[in-house]
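Here are my comments on the model you sent over. Have the coordinates open while you read, and go point by point.

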Amino acid sequence: MKKQLLLFFLMLLPMVASADAVEIDGIYYNLITKAQQAEVTSNPDKYSGSVTIPESVTYSGTVYSVTSIGSDAFYECTGLTSVTIPNSVTSIGSSAFAACTGLTSITIPNSVTSIVNNAFSSCTGLTSVTIPNSVTTIDSDAFNGCTGLTSITIPNSVTYISNFAFYNCTGLTTITIGTGIEYIGRSAFSNC
């Protein structure tokens, strides 16, 4: 009897431990019910074309504020051409847009304070990035391998650029660094 009961609980464990993402208007979200917040997550069929992330979504009668883009949310979405990120988004997860080779430009909203590791790495088609004055940190490999970037302006608000942040951005010919910079990491601009 104990063995059967244990087996029954082991079969139920995956259902209790995992929560499925919900799809609303073509975008997948992890919903944080208690905080009424939504995090953009990966699409099993990959995102493509132009994606506009809304400031809020409604699911089962509850309104959720879209506050984050999860790690790997758009990873390897090679057919993605543009993304509009609302000011409600305060964080962009690691590798969120990594290897989106069709993405040509990105405007990071004023609500984001850090560009985390690998956020836009290997976005070879990326030719334009707007970094707002709210960003204080550019983490390791954030734009590593963005070979299409020809110029970048780092605002005065940025105090820290980590290792390999713009490594292998071979098309980069103009870099404007703001007056707030206190630290530039190892190989941050190597192979540019």
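The points below run from the whole chain down to one serine.

1. First, the caveat: this is a predicted model. The chain has 192 residues, and 42% of them are buried. Its C-alpha trace spans about 70 × 40 × 30 Å along the principal axes.

2. On secondary structure, the tally is 16 strands and 1 helix. As for how far apart in sequence the contacting residues sit, take the contacts with a separation of 6 or more: 33% of these link residues 24 or more positions apart.

3. Now the surface. About 9,700 Å² of the chain is exposed, with carbon and sulfur atoms supplying 52% of that area. On charges, I count 5 positive and 11 negative ones, and the mean positions of the two sets lie 21 Å apart.

4. Which strands make up the open sheet, and in what order? There are 4 of them, ordered β10-β12-β14-β16, and the pairing is parallel. The edges are β10 (114-115) and β16 (183-184); each has a single partner strand, so one side of each is left without a neighbour in the sheet.

5. Inside that sheet, have a look at β12 and β14. Residues 137-138 of β12 run parallel to residues 160-161 of β14, and 2 bridges join the two strands. Thr137 has Tyr160 of β14 as its bridge partner.

6. The core deserves a point of its own. In soluble globular proteins, nonpolar side chains tend to be buried together. Here the largest nonpolar core has 52 residues, and Ile69, Phe74, Phe97, Ile138 and Phe143 are the ones with the most contacts inside it. Elements giving two or more residues to this core include β1 (22-24), β2 (27-32) and β3 (37-41), along with β6 (62-69), β7 (80-84) and β13 (151-154).

7. Phe97 is worth selecting on screen. Leaving aside residues up to four places away in sequence, Phe97 touches Ile69 and Phe74, two other residues from that list of core members with the most contacts. Further contacts of Phe97 include Leu80, Val83, Ile85, Ile92 and Leu103, and also Ala119, Phe120, Ser121 and Cys123.

8. That brings me to Ser121, which is found in the loop between β10 and β11 (128-130). Is this serine buried or exposed? Its relative accessible area is 9%, so Ser121 counts as buried, the cut-off being under 20%. With residues up to four places away again set aside, Ser121 touches Phe97, Ala98 and Ala99, as well as Asp141, Ala142, Phe143 and Asn144. Two of these partners, Phe97 and Phe143, are also among the core residues with the most contacts.

Key. Residues numbered from 1 in each chain as written. Predicted model: local features only at pLDDT ≥ 70, side-chain atom pairs only at ≥ 80, totals over all residues. Heavy atoms only, no water. Core = buried A, V, L, I, M, F, W, Y, C linked by side-chain atoms within 4.5 Å. Buried < 20%, exposed > 50% of the residue type's maximum accessible area, 1.4 Å probe, protein only. Contact = heavy atoms within 4.5 Å. Areas by Shrake-Rupley, 256 points an atom, 1.4 Å probe, with all protein chains shown as cover. Lys, Arg positive; Asp, Glu negative; His and termini not counted. Charge placed at Lys NZ, Arg CZ, Asp CG, Glu CD. Pairing = 2+ DSSP bridges.
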